[in-house]
Amino acid sequence: MALDFTAIDFETANSSGASACAVGLARVRGGRVVATAAWLIKPPAGHDHFAPINVGIHGIHPEHVTNAPSWSEQLARLTAFAGADVLVAHNAGFDMSVLRRACAATGDECPPYRYLCSVQVSRKTYALASYRLPLVAAEAGCSPFAHHDALADAVACAEITIDCARRAGVDDVHALAAHLGVRVSQIATEPAERAVA
């Protein structure tokens, strides 16, 4: 067994889970980040309003995604990068809901990824006042990074998970979950939205 997984982070244009506007990915093989990828996404129609609060968080504006691939166009790229890996995300419920809801909004089939939440893993590993990504990353020994940049967040999530596995003395995400008493869950798909005539 080896510590292999893909860390993922989405940024959204507004409060809709379907409004993905950026994704960052970090592939881990043998407990090391070996590849990264990130790109902007044009959110699905009807979910493409950029709320000022979201723009203030991640700095992505509507004009930045004008020529970006649509959700449907980028989904194959995402799945090609992640392959059959377990996905790991910091507050994974949010990122998995983006995958589910954006697929539901576009009618794409949602890949049934298995996933692990690095917040849950962190809570079982570190004694911190807060488990926000920058604070956990600092405890894991990561260098300071641009929080809410999708790629930087994905890499930080990967490094946290690697550190937690090292501290637990395990070399597999399933063994890490079992050791800490957390679950590797699976995405439950949602039905596609239906257009109303």
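**Cysteines, core and rings**

In this predicted model, the cysteine sulfur closest to that of Cys110 belongs to Cys103 and lies 4.4 Å away, which is too far for a bond. A disulfide is a covalent bond between the sulfur atoms of two cysteines, and it is counted here only when the two sulfur atoms are within 2.5 Å. For Cys157, the closest cysteine sulfur is that of Cys117, at 8.1 Å, and this too is too far for a bond. By this rule the number of disulfides comes to zero. Both of these cysteines are nevertheless shielded: Cys110 is buried, with a relative accessible area of 7%, and Cys157 counts as buried at 1% relative accessibility.

From the cysteines we turn to the nonpolar interior. In soluble globular proteins, nonpolar side chains tend to be buried together. The largest nonpolar core of this structure has 58 residues, and the members that touch the most other members are Phe5, Ile8, Phe10, Trp71, Leu99 and Leu116. Helix α6, which spans residues 150-168, is the element that gives the most to this core, contributing nine residues. Apart from this core lies another one, made of nine residues, among them Ala13, Cys21, Val55 and Ala150. The surroundings of Ile8 can be followed in detail: leaving aside residues up to four places away in sequence, Ile8 touches Val23, Gly24, Leu25, Leu78, Leu87, Val88, Ala89, Asp95, Met96 and Ala154.

Next come the aromatic rings, of which one pair is found in the structure. Its members are Phe10 and Trp71, whose ring centres are 5.8 Å apart and whose planes meet at 45°, so the pair is classed as tilted. The pair links distant parts of the chain, since Phe10 sits in strand β1 (residues 5-12) and Trp71 in helix α2 (residues 71-82), with their positions 61 residues apart in sequence. Phe10 counts as buried at 2% relative accessibility, and Trp71 likewise counts as buried, at 1%.

Two arginines also lie over aromatic faces. Arg27 is placed over the face of Phe81, at 4.1 Å from the ring centre, while Arg77 is placed over the face of Trp39, at 3.9 Å from the ring centre.

A final stop is Ser185, which belongs to strand β6 (residues 185-186). With a relative accessible area of 15%, Ser185 is buried, because the threshold for that class is under 20% relative accessible area. When residues up to four places away in sequence are not counted, Ser185 touches Tyr113, Arg114 and Tyr115.

Terms used: Residues numbered from 1 in each chain as written. Predicted model: local features only at pLDDT ≥ 70, side-chain atom pairs only at ≥ 80, totals over all residues. Heavy atoms only, no water. Core = buried A, V, L, I, M, F, W, Y, C linked by side-chain atoms within 4.5 Å. Buried < 20%, exposed > 50% of the residue type's maximum accessible area, 1.4 Å probe, protein only. Helix = DSSP H or I, 4+ residues; strand = E, 2+ residues; numbered from the N terminus. Contact = heavy atoms within 4.5 Å. Phe/Tyr/Trp six-rings, centres within 6.5 Å; stacked < 30°, edge-to-face > 60°. Lys NZ or Arg CZ within 6 Å of the ring centre and 35° of its normal.
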